[in-house]
Amino acid sequence: MKKQEMNRDWIATARTLSQALPYLQRYTGAIVVIKLGGHAMGSDEAMEEFARDVVLMQMVGIHPIVVHGGGPMINAMLDKLDIKSEFVNGKRVTDAATVEVVEMVLSGRVNKRIVQAINRQGGKAVGLSGKDANLMVCDQTNPDLGFVGTPTDVNPELLRDLFANNTIPVVAPLGAGRDGETFNINGDTAAGAIAASLDADRLLLLTDVAGVKNASGDVMTELRAQQIREMTESGVIAGGMIPKTETALNAIENGVRAVVILDGRAPNACLLELFTEHGAGSLIRGDT
């Protein structure tokens, strides 16, 4: 590369950093909950990039929390152990054998992989599940689905203690039942419940799509809650986007300032959303 070209690159980098200053100041001390799923969990390179971004967020004063899924890893382990699954209305029944595998995979393999990635990038991460310190106490969502839970009591004191010690919590979406059961929780639901319990500034839902699309197929960069309701009623929002937008609405109604649905496959997606004017994905706010 010629010296002139290198100088142009350095100037562009310096300009980008300078333009990010107001956003760095705006998020100092903010709590940001990140639901990690999709492509970033399957690729080692994407995982390392995500981990760097999380460490950078903490270094500039943000309190990040990572909540993760792990459906493909669970499916692979169930197949390996030859545990057959039953389905009710397209949803897996989580019986006693299955929930043991779910806990093993989520709290073990997946959780610790994320923790190690963050620690390799110079952060200090701790892995836990919703069972630790009764972080998420659940009721059974639907008896027909077995050990699937909905968080009813969220106790974030442990997370605040970790913030105070400059530690990044990485949370597996499992919860404790009132009678000692272990419940599997939808990852988006778990992230939304944790974000609401902390009155988080942002909930970032990383997925494998660019955001919420309108009837023409264009990604909408900003929406109000009422628009989400109308688009769902009209069928514009459908399929797998429905649970994500429902999580967004519930989180906003319970104290989260805003939710962003964004493409976790995009390089530095979280940094682009937080520290640039144009952001990334679809930002969802309340109606007022």
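The following paragraphs lead from the overall make-up of this predicted model to one of its sheets and an aromatic pair associated with that region.

The protein has 288 residues, and 48% of them are buried. Its secondary structure consists of ten helices and 14 strands. Among contacts with a separation of 6 or more, 72% join residues that lie 24 or more positions apart. The accessible surface amounts to about 14,000 Å², and carbon and sulfur atoms contribute 50% of that area.

Attention now turns to one sheet. Four strands build an open sheet with mixed pairing, and their order across the sheet is 7-6-9-10. Its edges are formed by strand 7, covering residues 149-154, and strand 10, covering residues 182-184, each of which pairs on one side only. From one strand to the next, the twist averages 50°.

Within this arrangement, strand 6 (residues 136-140) and strand 9 (residues 174-177) are paired in the parallel sense, with two bridges between them. Val137 has Ala176 of strand 9 as its bridge partner.

Two helices can be placed relative to these strands. Helix 5, spanning residues 96-120, lies across strand 9 and strand 10, and its direction runs at about 75° to strand 10. Helix 7, spanning residues 187-197, packs on the sheet and touches strand 6 and strand 7; the angle between the directions of helix 7 and strand 7 is about 10°.

The side chains add a further detail. A pair of aromatic rings is described by the distance of the centres and the angle of the planes. In this protein the count of aromatic pairs is one. It consists of Phe147 and Phe183, whose ring centres are 6.2 Å apart. The planes of these two rings meet at 40°, which lies between the limits of 30 degrees for stacked and 60 for edge-to-face, so the pair is classed as tilted.

Where do the two members of this pair sit along the chain? Phe147 belongs to the loop between strand 6 and strand 7, whereas Phe183 is part of strand 10; with 36 residues separating them, the pair links distant parts of the chain. Strand 10, which holds Phe183, is also one of the edge strands of the sheet.

Are these two residues buried or exposed? Phe183 has a relative accessible area of 3% and is therefore buried, the limit for that class being under 20%. Phe147 has a relative accessibility of 28% and therefore counts as partly exposed.

Technical notes:
Residues are numbered from 1 along each chain as its sequence is written. This is a predicted model: local features need pLDDT of at least 70, side-chain atom pairs count only at pLDDT 80 or more; totals for chains, interfaces and linings use all residues. Side-chain values use heavy atoms; hydrogens and water are left out. Buried means under 20% relative accessible area, exposed over 50%, partly exposed in between (1.4 Å probe, protein chains only). Contact means heavy atoms within 4.5 Å. Accessible areas come from the Shrake-Rupley method with a 1.4 Å probe; for residues, only the protein chains shown count as cover. Two strands pair if DSSP finds at least two bridges between them. Axes are lines fitted to C-alpha atoms, for helices over the stretch in contact, and angles run from 0 to 180 degrees between N-to-C directions. Rings of Phe, Tyr and Trp (its six-membered ring) pair if their centres lie within 6.5 Å; planes under 30 degrees apart count as stacked, over 60 as edge-to-face and the rest as tilted.
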